[in-house]
Amino acid sequence: MFQAILATSPMLSDIQAFLPEIYLTVGLLLVVIIDLLPGMTDRRIPALLSLVGLAFAARVLWQQMSGEPRIEAFGGLFVVDRFALFFKLFTTIAVTVVILYSLAWKRLESRMGEYYLVLMSAVLGIFVLVSSQHLLMVYIGLELLSIPSYILTGYFKNQRKSSEASLKYVIYGSVASGTMLYGFSLLYGLTGTLRLDEIGPALAQAFSESGNPEATALAFLMVLAGFGYKIAAVPFHYWLPDVYQGAPIPITTFLAVASKAAGFGVLLRYMYLVYGAPGALATLSDVDVVAWVDKLSLLIGIVAAVTMTLGNLAALRQKNVVRLLAYSSIAHAGYLLMGVAVIGSSGLEAVLFYLVAYLIMTLGAFGMVIYLSNSVKSEEIEDFRGAGWKAPIVCGAFVMCLVSLVGLPPTAGFVGKWMLFRGVIESGMLWLAVVAGLNSAISLYYYFRVAKALFLEKSEKEYTLKRSPVMAAIIIGLSVLVVYYGLRFGGLIDLVQQANLFAAVQ
Amino acid sequence: MYFDYTNVLIFFLVGIGFVGVNMVVGSLLRPSKPNPEKNSAYECGEDPIGPNRVQFDIRFYTVALIFIIFDVEIAFLFPWANSFQEFKAAGLGGLVFFEVLVFVSILFLGLVYLWAKGDLDWVKSTEAQRRAALAHRRAEEAKETAADSAKSESATELDLTVAAEAGHH
């Protein structure tokens with residue numbers, strides 16, 4: 001009914017494109033109101049409201065998915081296309097699982113209204129970010145995602161580690177976003193517009209007329225710093241291990257999955273609109289421009305190689321499983337950047353596919369950490385010794401997720417990696433594929449160290465694992481999905497092809 | 001060319017050079033007769049009072065943050081008021097008025113939230129904190145009697161210490 005009213009006025013059709021965000025906002029406000037009402041102390045109520053808000057949003061997203069392929073709203077500031085919808089549905093699924101994890105994790109008890117309120121604002125930030133087609137909207141989205149992330153990281157106010165992580169995150173984040181804003185202002189100076197879809201052609205025109213590679217490169221690097229911090233690519237990754245370890249584990253899961261994917265979403269859209277779209281730089285046949293775009297792609301390739309190598313090497317020495325997963329998430333950002341380095345259709349599809357695989361297996365891995373840490377009250381690998389035989393099915397499912405994180409068949413991680421490798425080899429960066437292959441071999445060691453601790457080592461102290469049917473069901477379900485998409489990946493590839501920005505133009 | 005890099009570079013170098021040269025010339029020319037009076041920090045000719053790194057009450061920040069609610073409200077209401085007549089002429093007056101009501105009530109909700117959480121009281125409501133801690137403790141006790149349940153979280157402990165401190169005041 002609401003939609004019927006909205007459809008009556010052309011001005012309101014913009015709001016219709018914005019409906020998922022409005023539902024999220026309403027859910028968020030309800031969480032605030034419930035938090036104020038006396039007697040509403042049950043910690044499940046705000047979680048439930050958030051889930052309802054997400055469900056309403058998901059319903060509209062689903063309708064939009066089968067509606068028009070591309071809607072521009074608010075004068076082109078905001079765009080709803082398959083690419084944005086892909087990331088929004090991705091986020092919805094990730095956050096739903098994160099909320100379930102938050103309910104299951106025993107250490108979250110007080111101030112739950114605040115927690116979900118802030119979490120939902122971060123989700124709203126992601127929704128805005130992946131739909132924005134204007135540099136100011138990108139900035140607003142990024143801040144709307146970042147500020148709640150800082151708060152959530154420091155959620156345990158009384159824990160030193162948590163507060164320290166939060167402070168590091170704030171300082172690092174503000175410097176990165178400041179640098180990015182400077183990059184935006186340079187882009188504006190070069191092109192005279194803030195709309196991403198106009199920047200590409202304007203930049204190409206400026207480039208072919210006067211050639212100003214230095215300023216363009218500087219602008220690009222500065223913007224990359226902002227996005228690089230969000231996805232934790234290597235020179236901008238210092239915050240990540242501390243933040244992941246200091247934050248509540250469900251929030252770590254959120255940062256590792258949803259926030260990172262959003263960073264990739266906006267990076268891909270930016271790369272596409274500014275460099276790859278029709279009329280933008282990569283489409284010019286000018287020799288200088290081709291050489292310049294090649295250099296750009298080489299630069300991202302180098303960042304990718306360094307990111308994955310550093311992530312994997314640092315993960316080798318970790319004793320804490322959350323820290324291990326943190327470095328592994330840096331390594332995975334490196335793998336994903338391989339697809340970004342290929343400024344083209346196959347790279348983009350590979351990134352999207354790998355993101356889905358990454359979503360499933362990372363959720364599974366963090367789910368297991370929550371499951372075990374509820375019982376052993378620790379996240380050290382040595383404390384998990386021998387847990388495998390206490391809950392063989394769940395731990396087996398977890399090992400399946402680890403197999404996928406390594407990238408071995410028959411898992412979704414393997415298919416995703418294969419697509420990424422194919423993309424970089426096709427675009428002539430064989431060296432990058434070799435580096436990534438070596439990295440996968442390294443990662444085998446530390447992932448299986450966890451598996452070994454679970455199944456092949458004996459615990460020194462006696463403990464019992466607390467049963468948690470919901471968590472077990474989620475982890476087993478995720479591992480089944482990992483294997484399913486490793487064997488029958490056709491449907492997922494169709495979805496990814498629909499979300500391909502490059503395909504949408506033709 | 002959009003930027004004339006050479007100009008920028010020259011400007012930069014001259015800027016650095018100007019400061020450097022003046023400092024060198026000054027140090028060569030001036031007599032060096034330091035005394036404690038001269039070496040002390042300059043505070044408008046007054047005697048300096050204490051170190052300059054004073055502890056600044058964090059509550060000022062809270063007040064500043066609360067002020068943002070009203071600040072943002074006004075910043076958005078002005079353009080709205082400015083274009084309201086046009087919307088009214090187009091027959092959308094009721095709707096646009098409704099929209100701004102939604103906006104204002106969301107901000108108002110923020111104010112209510114702050115009020116309820118005790119952030120409007122200058123002494124960040126040790127009273128409210130004590131009440132919250134008490135409620136929390138009761139909930140804890142109820143839980144303990146109900147089942148074994150893992151507890152002894154640092155959050156709980158600190159809440160209780162806060163309550164104890166509040167009791168001292």
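Biologist: How do helix 14 of chain A and helix 17 of chain A cross, and how close do their axes come?

Modeller: In this predicted model, the axes of helix 14 of chain A and helix 17 (residues 412-426) of chain A come within 9 Å, and they cross at roughly 40°.

Biologist: Why are helix 14 of chain A and helix 17 of chain A called oblique to each other?

Modeller: Angles under 35 degrees count as roughly parallel, and 65 to 115 as roughly perpendicular. The angle here is roughly 40°, and helix 14 of chain A and helix 17 of chain A are therefore oblique to each other. The crossing of these two helices is left-handed.

Biologist: Which residues make this contact?

Modeller: Helix 14 of chain A contributes Y335(A), M338(A), G339(A) and A341(A), while helix 17 of chain A contributes K417(A), L420(A), G423(A) and V424(A). The residues of this contact of helix 14 with helix 17 of chain A divide into 5 nonpolar, 2 polar and 1 charged.

Biologist: What is the angle between helix 11 of chain A and helix 14 of chain A?

Modeller: Helix 11 (residues 239-246) of chain A packs against helix 14 (residues 321-341) of chain A at an angle of about 140°, and their axes are 9 Å apart.

Biologist: What makes helix 11 of chain A oblique to helix 14 of chain A?

Modeller: An angle must be over 145 degrees to count as roughly antiparallel, and 65 to 115 is the range for roughly perpendicular. The angle of about 140° belongs to neither class, so helix 11 of chain A is oblique to helix 14 of chain A. Helix 11 of chain A passes helix 14 of chain A in a right-handed crossing. On the side of helix 11 of chain A the contact is made by L240(A), P241(A), Y244(A) and Q245(A); on the side of helix 14 of chain A it is made by V322(A), R323(A), A326(A), Y327(A) and I330(A). These residues of helix 11 and helix 14 of chain A divide into 7 nonpolar, 1 polar and 1 charged.

Biologist: How many helices and strands are there in chain A, and how do you know that chain A is as compact as a globular protein of its length?

Modeller: Chain A has 21 helices and 2 strands. Its radius of gyration is 22 Å, close to the 23 Å that the globule rule gives for 506 residues, so chain A is as compact as a globular protein of that length. The C-alpha trace of chain A spans about 75 × 55 × 45 Å along its principal axes. Buried residues make up 56% of the 506 residues in chain A.

Biologist: Why is G200(A) counted as buried?

Modeller: A residue is buried if 20 or more other C-beta atoms lie within 10 Å of its own. G200(A) has 24 C-beta neighbours inside 10 Å, so it counts as buried. G200(A) lies in helix 9 (residues 196-209) of chain A. Leaving aside neighbours within four places in sequence, the contacts of G200(A) include L273(A), Y275(A) and A280(A). The C-alpha atoms of G200(A) and P278(A) are separated by 8.5 Å, although these residues are 78 residues apart along the chain.

Biologist: Is F74(A) buried, exposed or partly exposed, and what makes it so?

Modeller: Partly exposed residues lie between the limits of 20 or more for buried and 12 or fewer for exposed. F74(A) has 14 other C-beta atoms within 10 Å, and so it is partly exposed. F74(A) lies in the loop between strand 1 (70-73) and strand 2 (78-81) of chain A. F74(A) has a positive phi of about 50° although it is not a glycine.

Biologist: What places K377(A) in its exposure class?

Modeller: With 13 other C-beta atoms within 10 Å, K377(A) is partly exposed, because the limit for exposed is 12 or fewer. K377(A) is found in the loop between helix 15 (345-376) and helix 16 of chain A, and its phi is positive, about 60°, although it is not a glycine.

Biologist: Why does V63(B) count as exposed?

Modeller: V63(B) has 12 C-beta neighbours inside 10 Å, and so it counts as exposed, the limit being 12 or fewer. V63(B) is found in helix 3 (residues 59-89) of chain B. Chain B has 6 helices and 0 strands, and 1% of its 169 residues count as buried.

Key:
Residues numbered from 1 in each chain as written. Chains lettered and ligands numbered in written order. Predicted model: local features only at pLDDT ≥ 70, side-chain atom pairs only at ≥ 80, totals over all residues. Helix = DSSP H or I, 4+ residues; strand = E, 2+ residues; numbered from the N terminus. Rg over C-alpha atoms; globule rule 2.2 N^0.38 Å. Axes fitted to C-alpha atoms, helices over the stretch in contact; angles between N-to-C directions. Left-handed = near helix turned anticlockwise from the far one by under 90°. Contact = placed C-beta atoms within 7 Å. Nonpolar A, V, L, I, M, F, W, Y, C, P; charged D, E, K, R; others polar.
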